[in-house]
Amino acid sequence: MNLLSASGPAHPTLPEAAEPPPRARWLAYLGLLPFFLGALVIWNLQGENRERLALVLASYAGVIVAFLGGIHWGLAMRVNPEGPRSFGWAVVPPIVAGVGMAMPASAGLALLGLALVVCYLVDRRLYPAGGMAHWLTLRFRLSMLAALCCFLGAAGA
């Protein structure tokens with residue numbers, strides 16, 4: 001069924017699937033590479049280069065946190081266009097991401113790591129209602145590994 005068509009239920013839900021598509025899983029795991037490499041290299045650099053790389057890692061983490069909010073904006077538009085809670089939550093991660101990217105790298109990475117954890121906890125509550133519970137295992141792995149890299153990067157910055 002086309003979720004954007006004029007016919008059908010006023011508030012359609014997304015179809016439930018057994019697990020995320022393989023291509024999505026591969027791309028998601030590839031998205032962890034900048035987190036791993038950034039945290040690893042931060043611990044092996046000295047001086048100004050360390051700070052510069054920490055800012056790059058914080059910027060990447062900020063983009064990912066903002067993306068997690070964008071997922072909710074898109075879902076709210078497709079599934080529940082009148083749901084103020086979905087739209088309200090969707091703007092929180094980009095705001096937090098902007099603050100985290102504007103902070104000194106060590107503090108910003110800590111905030112962004114925490115934001116990744118909070119985004120997962122919110123998704124754990126909201127995804128099942130949207131028929132997306134099958135994404136939660138992948139989301140848990142990605143979020144915790146990315147958050148850990150942010151915390152390690154913050155400690156090394």
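**Exercise 1. Describe the lining of the largest pocket by residue class, then place it in the predicted model.**

Solution. By class, 17 nonpolar, two polar and one charged residues make up the lining of the largest pocket. The structure is a predicted model. The volume of the largest pocket is about 420 Å³. Its lining comprises 20 residues, and those closest to the pocket centre are Ala28, Phe67, Leu68, Arg139 and Leu142. At least two lining residues come from each of the helices α1 (22–30), α3 (47–79) and α6 (136–156).

**Exercise 2. Classify the aromatic pair formed by Tyr120 and Phe140.**

Solution. The whole structure contains two aromatic pairs. For Tyr120 and Phe140, the ring centres are 5.5 Å apart and the planes stand at 65 degrees, so the pair is edge-to-face; the cut-off for this class is over 60 degrees. Next, locate the partners: Tyr120 belongs to helix α5 (residues 105–126) and Phe140 to helix α6, so the pair ties together parts 20 residues apart in sequence. Finally, compare accessibility. Tyr120 has 9% relative accessibility and counts as buried, whereas Phe140, at 42%, counts as partly exposed.

**Exercise 3. Decide whether Cys149 and Cys150 are bonded or unbonded to each other.**

Solution. A disulfide needs two cysteine sulfur atoms within 2.5 Å. The cysteine sulfur closest to that of Cys150 is in Cys149, 7.2 Å away, which is too far for a bond. Cys149 is accordingly in no disulfide, and the structure as a whole holds zero disulfides. As for burial, Cys149 counts as buried at 4% relative accessibility, and Cys150 counts as buried at 0%.

Technical notes
Residues are numbered from 1 along each chain as its sequence is written. This is a predicted model: local features need pLDDT of at least 70, side-chain atom pairs count only at pLDDT 80 or more; totals for chains, interfaces and linings use all residues. Side-chain values use heavy atoms; hydrogens and water are left out. On a 1 Å grid over the protein atoms alone, a cavity is a set of points where a 1.4 Å probe fits but cannot get out, and a pocket is an open set with protein on both sides within 12 Å along at least five of seven lines; lining residues have an atom within 4 Å of a point. Grid points are joined across faces, edges and corners, and a volume is the space filled by probe spheres set on the points. Helices (H or I, at least four residues) and strands (E, at least two) are DSSP runs, numbered from the N terminus. Ala, Val, Leu, Ile, Met, Phe, Trp, Tyr, Cys and Pro count as nonpolar, Asp, Glu, Lys and Arg as charged, and the others, Gly among them, as polar. Rings of Phe, Tyr and Trp (its six-membered ring) pair if their centres lie within 6.5 Å; planes under 30 degrees apart count as stacked, over 60 as edge-to-face and the rest as tilted. Buried means under 20% relative accessible area, exposed over 50%, partly exposed in between (1.4 Å probe, protein chains only).
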